[in-house]
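The following note is written for a colleague who is beginning to read protein structures. Please keep the structure in view while working through the numbered points.

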Amino acid sequence: IILLFLAMLPALREVWIRPHPRIFLPALIYCLLCSFMLGYQVLEKTILFIIIPLTLTACDSAMDARLYLLLTWIGHISLLPLLFTRDVAYLKPTLLALHCFVSYIALDRFHIEARLARRIRAEPNGGGVWLWAGDKAYISGLVMIYLYGEVLHPLLPLFEPFLPPFLLHLNRYPFLPSLLTSIYCAAGIVHCWGLALKQIRRRVA
């Protein structure tokens with residue numbers, strides 16, 4: 001409880017000093033992330049309670065859109081291991097890829113047009129939604145971990161006679177894909193947690 005209060009304190013302080021609707025949603029999103037990161041016995045599905053209000057800020061600025069894209073992609077991939085039945089095996093990657101593609105294209109186009117019309121303030125990159133090099137590297141790793149868990153790991157028993165010894169040991173750990181997904185997604189959510197705090201400071205700057 002003490003850690004949770006201390007983590008929320010920067011957002012609560014800004015809302016108390018500058019009670020303006022402009023910073024209410026960013027502060028709410030940051031406080032929800034604090035609860036997710038520091039709460040006791042938090043379920044994976046709780047990330048949806050953060051993603052839903054985050055959609056309301058995705059059109060405010062390119063940085064808000066960046067935070068929305070990163071957290072939704074990470075959150076959705078972290079939830080996919082919960083859908084483990086065969087009837088959704090092909091539906092999961094199809095819907096995930098469609099969502100990632102459509103959300104990025106739509107937000108990128110919106111912010112380019114909004115900036116040209118001067119409806120939102122200009123960003124340093126001067127274009128649409130800008131994912132940094134670190135973001136792209138992280139997303140590439142996220143895709144590789146997803147492909148390993150959904151495609152490669154289930155096929156290891158079929159190729160057992162041709163695998164080197166160190167790969168054979170992976171068959172002994174059926175929950176390894178879930179473990180890797182949880183750790184990697186947790187690192188990404190920590191990054192988004194910092195971005196959410198940064199967004200509050202940008203709003204009051």
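1. A contact here means that heavy atoms lie within 4.5 Å. With that definition in hand, consider the contacts in the protein chain between residues at least 6 apart in sequence: 68% of them join residues at least 24 apart. Please bear in mind throughout that this is a predicted model.

2. The secondary structure can be stated briefly. The protein chain has 8 helices and 0 strands. Read from the N terminus, the order of elements is α-α-α-α-α-α-α-α.

3. Two totals describe burial and surface. Of the 205 residues in the protein chain, 40% are buried. The accessible surface amounts to about 12600 Å², and carbon and sulfur atoms account for 72% of that surface.

4. Helix α1 covers residues 2-17, which is 16 residues. From its first C-alpha to its last, helix α1 reaches 22 Å, close to the 22 Å expected at 1.5 Å a residue. Helix α1 nevertheless has a kink of about 45 degrees at Leu9. The kink lies shortly before the proline Pro10.

5. Which residues of α1 are buried? They are Ala7, Met8, Ala11 and Glu14. The buried residues of α1 pack against two other helices, α2 (21-38) and α8 (176-204).

6. The next points concern charged side chains. Side chains of opposite charge can pair when their charged atoms come close. The structure holds 6 salt bridges, and three of these pairs are discussed below, beginning with Glu14 and Arg13.

7. The side chains of Glu14 and Arg13 form a salt bridge with an N to O distance of 3.5 Å. Are these two partners buried or exposed, or in between? Glu14 counts as buried because its relative accessibility is 11%, under the 20% cut-off. Arg13 has a relative accessibility of 48% and therefore counts as partly exposed, since that class lies between 20% and 50%. Salt bridges also link Arg13, Glu14 and Arg18 in a network.

8. A second salt bridge joins Asp64 and Arg203, whose closest N and O atoms are 3.0 Å apart. This pair links distant parts of the chain: Asp64 belongs to helix α4 (residues 62-79) and Arg203 to helix α8, with their positions 139 residues apart in the numbering. Asp64 and Arg203 are both buried.

9. A third salt bridge is formed by Arg66 and Asp135, with the closest N and O atoms 2.7 Å apart. Here too the pair links distant parts of the chain, since Arg66 is in helix α4 and Asp135 is in helix α6 (residues 133-155), 69 residues apart. Why do both partners count as buried? Arg66 does so because its relative accessibility is 1%, and Asp135 because its relative accessible area is 4%; the cut-off for buried is under 20%.

10. The last point returns to helix α4, where Ser78 lies. Ser78 has a relative accessible area of 17% and is therefore buried, as the value is under 20%. Which residues does Ser78 touch, not counting those up to four places away in sequence? They are Thr181 and Cys185.

Terms used:
Residues numbered from 1 in each chain as written. Predicted model: local features only at pLDDT ≥ 70, side-chain atom pairs only at ≥ 80, totals over all residues. Heavy atoms only, no water. Helix = DSSP H or I, 4+ residues; strand = E, 2+ residues; numbered from the N terminus. Buried < 20%, exposed > 50% of the residue type's maximum accessible area, 1.4 Å probe, protein only. Areas by Shrake-Rupley, 256 points an atom, 1.4 Å probe, with all protein chains shown as cover. Expected span 1.5 Å × (residues − 1). Bend = angle between axes of the 7 residues up to and from the residue. Salt bridge = Lys/Arg side-chain N within 4 Å of Asp/Glu carboxyl O.
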